[in-house]
Amino acid sequence: MQELTDAGLPVGPTAAVDGPAELLDQLAAGHRLLWDTTSLTYPALVGAGIRVERCHDITLTERILLGRQGVFGAPCSARAVHARATGTPVPDDPVRTEASAEPTLFEPGAADERAEAAPVDSIEVMRVALVDQLRRIDHDRALGLLIAAESASALAAVEMGSTGLPWRAEVHLGLLDSMLGPRPRAGERPTRLAQLAAEINDAFGFPVNPDSAVDLRAAFRRVGFDIDTTRSWVIKDLAHPAVASVLTYKELARVHTANGWNWHDEWARDGRFRPEYLPGGVVSGRWATRGGGALQIPRALRAAVVADPGHRLVVADAAQLEPRVLAAISKDPALQAVSADADLYTALADDGFGGDRAHAKLAMLGAMYGQTSGEAGRLLDTLRRRYPAAMQCVQDAAHRGERGEVVRSVLGRACPPPSDGWREVVEWGSRQDATDPERKRADQFARDRGRFTRNFVVQASAADWAAVWLSGLRRDLTQVPGAELVFFQHDELIVQVPIESAELVADLSIRAARAARDLVFPGSVVSTPVRPVIVDCYADAK
DNA sequence: TCAAATGGCGCC
DNA sequence: AAAGGGCGCCATTTGA
């Protein structure tokens, strides 16, 4: 047990916790728990009805700290940190056994692996690891904040995975029936898809399997359309009678395979959808999920997310977070001014795009993603003129990436360095003649990485902000009986709350966003507003 | 025959 | 000159 201040510094004694009674005492005293890996230890506590307010997750912290040293993918357990700190051989990380996996029979060693996955409980190992991490954090305020938010996110992730997102089976199954027809036998096409497939065959005049991109492309080529991909946005512009059926087929087939009856069987048990959330699972610091595609719930199915009786959903999203984050990290005066507006894109449009919001948005997204072709490319000049500092900021990040350097988020999360293979290609190719294929390949590699680092500074800083926002709101929600975080997706979260507390929670989400702005961008005038909506059903939120 | 790669598309 | 970021998941295709 170790208490840390909010700045990530130790103030209390170190002591092992013996047994549940002492654990409860320590929790009641408001101590911050120190442990190896939240996702391994905390689920059992949550299952026992114990809620931890604050923790320090050594593994997640180590991932951030090692990343800043340019190391990715190395073992990050307390034992590994201890080993590196003491100059002893670094053990492999414990094998992660998936909670959702079927028990494996007849697999020698599986039980041993599970035993190894038990969290490290040696207090001395953890003490040494913590001291080493604090030394490396070195009183860096931003980094301490990032690490505190990462650990808090880990708690929230376990709690959300346990609580689950309310999911009404009858609504979901009703939608499937209306879109696809009755549930087919295993391996068969739903009736609606079978109909569409027949229409597609008729329109072409020969059999085509719309599930096969190869087959579909060959079919369109055979009738005179020289396409090299069957993406919807290409198909939609072709003048052929099969087009409408193909597009509808693709849309419905996607629902069937991604969120159809099989998905429902596997993921939507007991009125809840319980994915496994992985904070920091993306290099930018965004969360990932394992199972169920939780971060890609299609809009068409959000009607199935309905609050329990007597409850409401507070759906809060940070409006246009990424351009606001760009304004904050670049300190571009004009973009900061524009970001004062509740609708940044409208203000942007009025500021230089003749009131054309769609163009303004396209240009801004293109600038952050590194797009330079097409419409967005043509609009880039306007942005460069109006917001030179902001454009310089992403341009610098791109150049650093092209040169093989790394970039960091506002709170200090580092992007991975390029691979050895990348360096070889780029170094060799850059010495060749401009027309040499090796040179072209090298330039391509460099540009690709430039786009990645260009986007990283914005996406990762936005993730910093979102983690602090989520952490702050989670803490505040402990004051609201019955309020539960049930979903988090990059810049949007959902709290299920008793009706009488909905307004309060909506307000808390706004305050937490303001607090996150002040913590992540101290002194910045850029606002990062959230707009909570109180609804019964997720589909009504937008 | 099976694992890895690919194509496509959902979300931000 | 040219340059579309990050994911997870499914069915199909490819390759050993």
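**Exercise 1. Place T229 in its surroundings and say which backbone atom its side chain reaches.**

Solution. In this predicted model, the side chain of T229 reaches the backbone nitrogen of R231, the distance being 3.1 Å. The next step is to locate the residue along the chain: T229 sits in the loop that joins α10 (213-222) to α11 (232-235). Once neighbours within four places in sequence are set aside, the contacts of T229 are with R217 and V234. Finally, T229 also belongs to the group of residues that are closest to DNA strand B, together with T230, S232, Q296 and D491.

**Exercise 2. Describe the surface that the protein presents to DNA strand B, and list polar contacts to its phosphate and base atoms.**

Solution. Begin with the count, which is 18 residues around DNA strand B. By class, these comprise four nonpolar, six polar and eight charged residues. Turn next to the DNA side, where sugar or phosphate supplies 79% of the strand B atoms within 4 Å of the protein, and bases supply the rest. For the phosphate, a polar side-chain atom of T230 is found 2.4 Å from a phosphate oxygen of DNA strand B, while R299 uses a backbone N or O atom, which lies 3.1 Å from a phosphate oxygen of that strand. For the bases, a polar side-chain atom of R254 lies 2.8 Å from a base oxygen of DNA strand B.

**Exercise 3. Carry out the analysis for DNA strand C, and identify which elements supply its surface.**

Solution. There are 25 residues around DNA strand C, of which S212, G291, T372, R447 and R451 come nearest. On the DNA side, 64% of the strand C atoms that come within 4 Å of the protein are accounted for by sugar and phosphate. The protein surface here divides into six nonpolar, 13 polar and six charged residues. Among the elements, α12, β6 (288-290) and α21 (437-477) each provide at least two residues of this surface, and α21 gives the largest share, with five residues.

The last step concerns the bases. A polar side-chain atom of Q296 lies 3.0 Å from a base nitrogen of DNA strand C, an N or O atom in the side chain of R286 is 3.3 Å from a base nitrogen, and for R254 the corresponding distance from a polar side-chain atom to a base nitrogen is 3.4 Å. R254 thus appears in the solutions for both strands, with a base oxygen of DNA strand B and a base nitrogen of DNA strand C.

**Exercise 4. Characterise the packing of α8 against α12.**

Solution. Two packed helices are described by the angle between their axes and the distance between the axes. For helix α8 (residues 169-180) and helix α12 (residues 243-259) the angle is about 145°, and the axes are 10 Å apart. The crossing of α8 past α12 is left-handed. From α8 the contact draws on H172, L176, M179 and L180, and from α12 on L252, V255, H256 and N259. Sorted by class, the residues of this contact are five nonpolar, three polar and no charged.

**Exercise 5. Decide which stretches of chain A should be read with caution.**

Solution. Take the average first: chain A has a mean pLDDT of 88, with 91% of the residues scoring at least 70. Residues 1-14 have a pLDDT below 50, although this stretch has 42 contacts in the model beyond near neighbours in sequence. Residues 96-120 likewise have a pLDDT below 50, with 16 such contacts. Where pLDDT is low, the predicted coordinates should not be read in detail.

Note on methods
Residues numbered from 1 in each chain as written. Chains lettered and ligands numbered in written order. Predicted model: local features only at pLDDT ≥ 70, side-chain atom pairs only at ≥ 80, totals over all residues. Heavy atoms only, no water. Axes fitted to C-alpha atoms, helices over the stretch in contact; angles between N-to-C directions. Helix = DSSP H or I, 4+ residues; strand = E, 2+ residues; numbered from the N terminus. Left-handed = near helix turned anticlockwise from the far one by under 90°. Contact = heavy atoms within 4.5 Å. Nonpolar A, V, L, I, M, F, W, Y, C, P; charged D, E, K, R; others polar. Near = heavy atom within 4 Å. Polar contact = N/O pair within 3.5 Å; in protein donor to acceptor, adjacent residues only side chain to side chain. pLDDT = per-residue confidence, 0-100.
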